[in-house]
Amino acid sequence: MQQSKGRPRGGGAGQESWAEPIDGHDPVPPEEAGQLRYDDPWYDALASGWGESAGDGAQVHTLVPPARGEGVTGAAADVYLEVQRSAAFQEVRRRYRRFVVPAFVAFFAWYVGYVVAATTAPELMARPVSGAVNVAMVAGLGQFLSTFLFTWAYARQARLRRDRAALELRWDTQELTRGVSGGRS
């Protein structure tokens, strides 16, 4: 049980009239007790005002600066379109699709096959393999195993076949947009 440290004990129904100093901070004066005060140095001032009212029922709208890159000029947008049409970008997309489409089809067929077998052939799924382990348990564990194998294969294929080319495209695109925007970043 916590000690009261000299505070009056109450049922918890009312508001506290004062705050105890914590970490060297002064207690909140009684005139500010009802006001919300942020002493957190990590508090994001740009997010203040979201959902808070101005006191008269009107919503407070703070002006938030646009995110970096939102103000993409027409010339910079042309750079992105040019990169998208480039042979290097198309090659990265082709390598991606060449792996993902067959992998998706194989995994989806395996998953649907498991569900269909479980619902239409319960006697097959109940057949014991070893002791209390049956076909359904082995196939269910196979679902987990195949998920990890597909994930590993995808990461390996991306690392070996796509990542370097995609990184080079990213650097080229950044250099081109930096040249268009006059060196601003």
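Read along the sequence, this chain goes α-α-α-β-β-α. That is four helices and two strands. Please keep in mind that the model is predicted. Of the 185 residues in the chain, 12% count as buried. As for contacts between residues at least 6 apart in sequence, 48% of them join residues at least 24 apart.

Let me start with helix 1. Helix 1 covers residues 74-85, which is 12 residues. From the first C-alpha to the last, helix 1 reaches 17 Å, close to the 16 Å expected at 1.5 Å a residue.

Which residues of helix 1 are buried? They are A76, V79 and V83. If you look down the axis of helix 1, its buried residues fall within an arc of 45°, so they line one face of the helix. The face turned away from that buried side carries E82 and R85, which are exposed. The cover over the buried residues of helix 1 includes helix 2, residues 87-120, and helix 4, residues 135-180.

Now to how helix 1 meets helix 2. Two packed helices are described by the angle between their axes and the distance between the axes. For helix 1 and helix 2, the axes come within 5 Å and cross at roughly 60°. The two helices are therefore oblique to each other. On the helix 1 side, the contact is made by V83, Q84 and R85. On the helix 2 side, A87, F89 and Q90 make the contact. You have met two of these residues already: V83 is buried, while R85 is exposed.

Next, helix 2 itself. Helix 2 has 34 residues, and at 1.5 Å a residue these should span 50 Å. The end C-alpha atoms of helix 2 are 48 Å apart, which agrees. Here the buried residues are V92, F99, A103 and A117. What do the buried residues of helix 2 pack against? They pack against helix 3, residues 122-125, and helix 4.

Last, one residue in helix 4, namely S146. Is S146 buried or exposed? Its relative accessibility is 11%, and buried means under 20%, so S146 counts as buried. A polar atom of the S146 side chain lies 2.9 Å from the backbone oxygen of Q143. Leaving aside neighbours within four places in sequence, S146 is in contact with F107 and W110.

To go back over helix 4: this helix helps cover the buried residues of helix 1, and the buried residues of helix 2 pack against it as well.

How values were computed:
Residues numbered from 1 in each chain as written. Predicted model: local features only at pLDDT ≥ 70, side-chain atom pairs only at ≥ 80, totals over all residues. Heavy atoms only, no water. Expected span 1.5 Å × (residues − 1). Buried < 20%, exposed > 50% of the residue type's maximum accessible area, 1.4 Å probe, protein only. Arc of directions from axis to C-beta. Contact = heavy atoms within 4.5 Å. Polar contact = N/O pair within 3.5 Å; in protein donor to acceptor, adjacent residues only side chain to side chain. Axes fitted to C-alpha atoms, helices over the stretch in contact; angles between N-to-C directions. Parallel < 35°, antiparallel > 145°, perpendicular 65-115°, else oblique.
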